[in-house]
Amino acid sequence: MKIYLFLLLNIIFFVNVYSYLNITAQSGDNPIKIEFIVIDSKGNQTGFLSFEPDEDEPNEMLRTSVENIPNTSYTHNAIGLVNQETNEIMTNVVPEDIVFVMSDVAKDTYTIRFIGLDNSTFTVKIKMRDENKIENIYYKSFISSRTTQELNLFLDPTPGAPPPVLTKVVTFQTIKEDIEVAYKLNQIGDDKFTKSLLSMINIAEKLYNKCEKMKDKDKLKKQCYRPVVAILRMMMKRLEVINKLCDNKTECKSKCKVMTECDEDEVFKGFDNKYRKDIEFKDFFSEWDKDEYHKHKKTCKRYVSDEALEIIATDINWFIKGFGEEVWNDYKKEHNPYIPEKYKQFFK
């Protein structure tokens, strides 16, 4: 069964006198499959803290929370419906809500840390309002069980200040977890296809780690990132063309105009022609050529849901943008990255 998590994050500014922040989390079922905690720059926290044993029910665990950020609260709302035939309250019918509230928002960078209680998808909607305009930001992500993800949100309620800035902390592990969760939620191909994507990420990570050890942090490091960026982009192109398939090349989706647009081999061929003789890509080809996927790619099941494509692409973009504006600008010029329309505000 697919588990979807919908997170509503509303930020409303009442300019000059009052400011207000509200975060509401809702999962597609009950109990909720995610928790979160908000942390300010001083280390104050409001939100989910831990699980503790229930004294009344030894086999049950209770969620505990903390409310240390001034003027904040964090609560769970379990809504039940009444069965008209039995008059019993059905607590599992309506999804559970988690609500974070902060009044009189202080200028600060707040970390929103999400905690996965199960493999799931969650969506973030940020609504910002001042006296002149309303801004909406939407964000969606996978999260795996017993892991965390972080968003950083800069807020300045001062009249005339720039709008809030949202960034996500993405690592290679984040991207790997995206693929693993997509597989577990049946949003990506079989295990052989999934392993081929993870193998490609692992090779890129090895090259990235070499770059991080370089003493010259500027020009040489930028050049060192070049194969890392190209490999991640090639992996995304694989997902883009496979997203157009129904896993049967005779049933190409309507958005695929010609059959070659649905052919993963065309992506490999283009990458090979462009980089095979490039010394910076020697380590990549020496490992990728030995990958078991080449034996299985004609028989394994390959598909990528629209949702998985959107989430994985956006996290890869966050990751590459973290290399610095110069690398990001070169990436946009050379690789024409896939950026879902609703996320273009993050990647200008």
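1. Let's start with confidence by element. In this predicted model, helix H1 (residues 172-184) has the highest mean pLDDT among the elements of the protein chain, at 96. Strand E1 (residues 4-14) sits at the other end, with the lowest mean, 42.

2. The N-terminal stretch deserves a careful look. Over residues 1-17 the pLDDT stays under 50, yet the model has 89 contacts beyond four places in sequence for these residues. For the protein chain as a whole, the average pLDDT is 82, and 79% of the residues score at least 70.

3. Now to the interior. The largest nonpolar core holds 91 residues, and the members that touch the most others are Phe36, Leu239 and Phe284. Helix H3 (residues 219-243) supplies the largest share of this core, with 13 residues. As background, nonpolar side chains tend to be buried together in soluble globular proteins.

4. Phe284 is a good residue to display with its surroundings. Setting aside residues up to four places away in sequence, Phe284 touches Met200, Ile203, Leu207, Ile231, Met234 and Phe271.

5. You may also enjoy Ser196, which is found in helix H2 (residues 191-212). Is this serine buried or exposed? Ser196 counts as buried because its relative accessible area is 1%, and the cut-off for buried is under 20%.

6. What lies around the side chain of Ser196? One of its polar atoms is 2.7 Å from the backbone oxygen of Phe193. Apart from neighbours within four places in sequence, Ser196 is in contact with Arg238, Trp288 and Tyr293.

Key. Residues numbered from 1 in each chain as written. Predicted model: local features only at pLDDT ≥ 70, side-chain atom pairs only at ≥ 80, totals over all residues. Heavy atoms only, no water. Helix = DSSP H or I, 4+ residues; strand = E, 2+ residues; numbered from the N terminus. Buried < 20%, exposed > 50% of the residue type's maximum accessible area, 1.4 Å probe, protein only. Polar contact = N/O pair within 3.5 Å; in protein donor to acceptor, adjacent residues only side chain to side chain. Contact = heavy atoms within 4.5 Å. pLDDT = per-residue confidence, 0-100. Core = buried A, V, L, I, M, F, W, Y, C linked by side-chain atoms within 4.5 Å.
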